[in-house]
Amino acid sequence: MLFCVTASHKTASFELLERLSRNPQTVAPTLIEAGAQGAVVLATCNRFEAYVEADGLGSDAVMDAVEQATGVPSVDLDGSYRVIEDGRVAEHLFAVASGLESVVSGEGEIAGQVRRALTGARKQGTTSPALERLFQRASQAQRRVKNVTALQRAGRSLVRLALELADSRIADWSAERVLLVGTGAYAAVTLATLRERGAADIRVYSPSGRAELFAKKHGIRAVLADEYASAARESSLLITCTSVTEPVLGPEQLQRPAGDAVSTGSATQVTCPVSHSSSQLVIDLGMPRNVDPAVAQLEGVALLDLETVRLHAPLEELQATEAARAVVREAAEDFRAVRSRAVVTPAVVALRTHIFTLLEAEIQRARNRGDDDGLVEQAMRHLAGVLLHTPTTRAHELAVQGRGDEFLTALETLYGLTPEAPAASAASEIA
């Protein structure tokens, strides 16, 4: 059976999502130790999800394992997550991968995060055949949504939305002194988006020491560790987007020594989405958060974090969204049909093996009686194919309807046959 335990911006606070996402790599192994056959964990800036194949392991046991791995007490999780089971798991993941469940509908980053979640599970050895197929089909559904709908053109990434919100206080992007903190995939997207807007004075700092490599690749200047605080104070726009689990920017970096002049760059006194004007804007795109919330209390500093971005997300483009959801539903139905048919596959194989064993015996008997031209053999093989067609088709139809057990019972009653593999195992071995 497939489970998905999901907490997202729709059900949980950003503070809780931060706590769940601090050590996501521990969750899948803990679920395997608890008895799951497979587990894949998707932890992003807006969601924490554990996809689990667990025959004989109930949702309560899954939640106990999540609590053990994350250190978040169950009392803190109450009301902040959902458990999705079996038939609905595929549609949920396909919608997530397509950006339908994101803060900004259609945002593109989530597709790569879904792929990386599966890659991470493979490296940890926690995936399973059923989860492999589920995540592969999710990527296929995402590509189809991208190709046949306008969803991604209608939606915008978190980076773009954050910078659009920053427009309210930036008169001239080319005059901004920007410090980018982070060198991962989000940093590259952020840099490209800044350049699209005209920003030119951009420096980068990396808590992990990769700033010089990133700077050389992208043609900007690196900030070393001993320069970080002064560079932060001198910047009019700071954007953090690292995967570290502790804040990398706090009052200690931004607090100006007594008597220091505050340089305003091109910033105007227009109200920012965080509801106060400032000479320095900090945008925190990290999850867990990269910026100590206390910086918002500093004079002249405004903080725009993911919570604020979410509150300002635009309404979905209804037509594009509905078209995308139709694609997702169709893909999920196909996945369920294939998985359901796999339940009766061992029984169908058992029936065909039985019939063809009898057939070969009869063909040999016909040959012994002088069927030299093979006409009898040809007729018997044709008849066997015709006779097997209807029960095979009916088995698949019943399986899709959730009535595969009726076919198994009929097979045992009529022929005394029992499939070689149990139905639960067959369901997890679809390819």
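A residue is called buried here when its relative accessible area is under 20%, exposed when it is over 50%, and partly exposed in between. Keep that cut-off at hand for the exercises below, which all work on a predicted model.

**Exercise 1. Strand β8 and its neighbours**

Work out which residues of strand β8 are buried on each of its faces, and find the strands that pair with β8.

Solution.
Step 1: Start with the general pattern: side chains in a regular strand alternate between the two faces of the sheet.
Step 2: Now go through β8, residues 237-240. L237 and I239 are on one side, L238 and T240 are on the other, and all of them are buried. Both faces of β8 are therefore covered, given the cut-off of under 20% for buried.
Step 3: Look to the neighbours. Strand β5 pairs with β8 in the parallel sense, over four bridges, and L179 stands opposite L238 in β8.
Step 4: Strand β9 (residues 280-284) also pairs with β8 in the parallel sense, again over four bridges. There, T240 has D284 in β9 as its bridge partner.

**Exercise 2. Strand β6 and two crossovers**

Trace the strands that pair with β6, and state the handedness of the β-α-β units that include β6.

Solution.
Step 1: Check how covered β6 is. Of the five residues in this strand (201-205), four are buried.
Step 2: Take β5 (residues 177-181), which runs parallel to β6 and is joined to β6 by five bridges. Within this pair, R203 in β6 has L179 opposite.
Step 3: Turn to β7 (residues 221-223). The pairing of β6 with β7 is parallel too, with three bridges, and R203 has R221 in β7 as its bridge partner.
Step 4: Add the helices. From β5 through helix α10 (residues 185-196) to β6, the unit is right-handed. From β6 through helix α11 (residues 211-218) to β7, the β-α-β unit is right-handed as well.

**Exercise 3. Two helices, two buried sides**

For α10 and α17, compare the span with the expected value and decide where the buried residues sit around each axis.

Solution.
Step 1: Begin with α10. Its 12 residues reach 17 Å from first C-alpha to last, close to the 16 Å expected at 1.5 Å a residue.
Step 2: List the buried residues of α10: Y186, A187, T190, L191, T193 and L194. Seen down the axis, the buried residues of α10 fall within an arc of 170°, so they line one face of the helix.
Step 3: Turn α10 around. The exposed residues A185 and E196 are carried by the face turned away from the buried side.
Step 4: Move on to α17 (residues 404-415), which has 12 residues and a reach of 17 Å between its first and last C-alpha, close to the expected 16 Å. Buried in α17 are G404, F407 and L411. They cover an arc of only 55° around the axis, so they are on the same side of α17.
Step 5: Read one residue past the end. Just after α17, G416 takes a positive phi of about 70°.

**Exercise 4. The surroundings of R47**

Determine whether R47 is buried or exposed, and find what its side chain contacts.

Solution.
Step 1: Place the residue. R47 belongs to strand β3, residues 47-53.
Step 2: Apply the cut-off. R47 has a relative accessibility of 3%, so this arginine counts as buried.
Step 3: Follow the side chain. One polar contact, at 2.9 Å, goes to the side chain of E49. A polar atom of the R47 side chain also lies 2.6 Å from the backbone oxygen of E101.

**Exercise 5. Partly exposed residues and cysteines**

Classify E307, Q25, C4 and C241 by accessibility, and give the number of disulfides in the structure.

Solution.
Step 1: E307, in helix α14 (residues 306-311), counts as partly exposed because its relative accessibility is 27%. Its C-alpha is 9.5 Å from that of N46, although 261 residues separate E307 and N46 in sequence.
Step 2: Q25 lies in the loop between α1 and α2. With a relative accessible area of 43%, Q25 is partly exposed.
Step 3: C4 is buried at 0% relative accessibility, and C241 is buried at 8%.
Step 4: Finish with the disulfides. The structure holds zero of them.

Notes
Residues numbered from 1 in each chain as written. Predicted model: local features only at pLDDT ≥ 70, side-chain atom pairs only at ≥ 80, totals over all residues. Heavy atoms only, no water. Expected span 1.5 Å × (residues − 1). Buried < 20%, exposed > 50% of the residue type's maximum accessible area, 1.4 Å probe, protein only. Arc of directions from axis to C-beta. Disulfide = S-S within 2.5 Å. Pairing = 2+ DSSP bridges. Right-handed = clockwise from strand over helix to strand, strands pointing away. Polar contact = N/O pair within 3.5 Å; in protein donor to acceptor, adjacent residues only side chain to side chain.
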